[in-house]
Amino acid sequence: MKYKSVFDIIGPIMIGPSSSHTAGAARIGRVARSLFGRQPKWANISFYGSFAKTYKGHGTDVAIVGGLLDFDTYDERIKTSLQIADSLGVAISFHEEDAITDHPNTAKVVIGDDDGELELVGISIGGGKIEITELNGFALKLSGNHPALLVVHDDRYGAIAGVANVLAKFAINIGHMEVSRKEKGQKALMTIEVDQNIDDAVIQELTALPNITQVTKIVD
């Protein structure tokens, strides 16, 4: 594996003890919170592989819940996130799974409230870096390291071009883009990582496009 800098090995500023088991877990939780857009009332968290075996000793449980509460990796409140969640009325459950996954540090987060729910699968790849590999049944590859757009749309001709044209109009450069669909002609998901934060005006124009169902931004 090649590293771009020493910080890829050391990891981010964080509450310890492990960049992969704590900082990465916190970031997975925080991406889920960002996509959900509000504090959930409940969370079912499943750990796989190394996460399932060591999550208590390495603080993976408190880290991922801290992320769901919108705490950054260095926030001291992560240490008491389980107690904070309980005081806020957020019901948390953890599950150790035996299924073999593609990566040993894998977590599935299902969160919700009276208005809806969200299911996300994330992996911690080391140095505090993560990838979101599944969202509500859609396969994707989202690093969480850059501002991003998630665009749910009807699988129709011109939908992708329309989104790209709006981003070009606002001089937004695309760093990475993927499209996932469950079935031909049904719902699809664009995952677009960009080089700068996205104004609400961009979101409004994207939402107004034909065949676009939902647009969500993730701020770096």
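Which residues on the other side of helix H6 are exposed? In this predicted model, the residues in question are Asn165, Ala168 and Lys169. The buried residues of H6, which spans residues 159–169, are Ala159, Gly162, Val163, Val166 and Leu167. These buried residues lie on the same side of H6 because the arc they cover around the axis is only 135°. An α-helix has 3.6 residues a turn, so residues three or four places apart point the same way. The cover over the buried residues of H6 includes four strands and a helix: E7 (148–154), E8 (174–181), E9 (187–194) and E10 (212–218), together with helix H7 (200–207). After H6 comes Ala171, with a positive phi near 55°.

Two of the covering elements, E8 and E9, form a hairpin in which 5 residues separate the strands. In the turn, Gly185 has a positive phi of about 80°. The pairing of E8 with E9 is antiparallel and runs over 7 bridges. Met177 has Ile192 in E9 as its bridge partner.

Strand E8 also contains Ser180. This residue counts as buried because its relative accessibility is 12%, under the 20% limit. Leaving aside residues up to four places away in sequence, Ser180 touches Phe138, Ala139, Ala188 and Leu189. With Ala139 there is also a polar approach: a polar atom of the Ser180 side chain lies 2.9 Å from the backbone oxygen of Ala139.

Key:
Residues numbered from 1 in each chain as written. Predicted model: local features only at pLDDT ≥ 70, side-chain atom pairs only at ≥ 80, totals over all residues. Heavy atoms only, no water. Buried < 20%, exposed > 50% of the residue type's maximum accessible area, 1.4 Å probe, protein only. Arc of directions from axis to C-beta. Contact = heavy atoms within 4.5 Å. Polar contact = N/O pair within 3.5 Å; in protein donor to acceptor, adjacent residues only side chain to side chain. Pairing = 2+ DSSP bridges.
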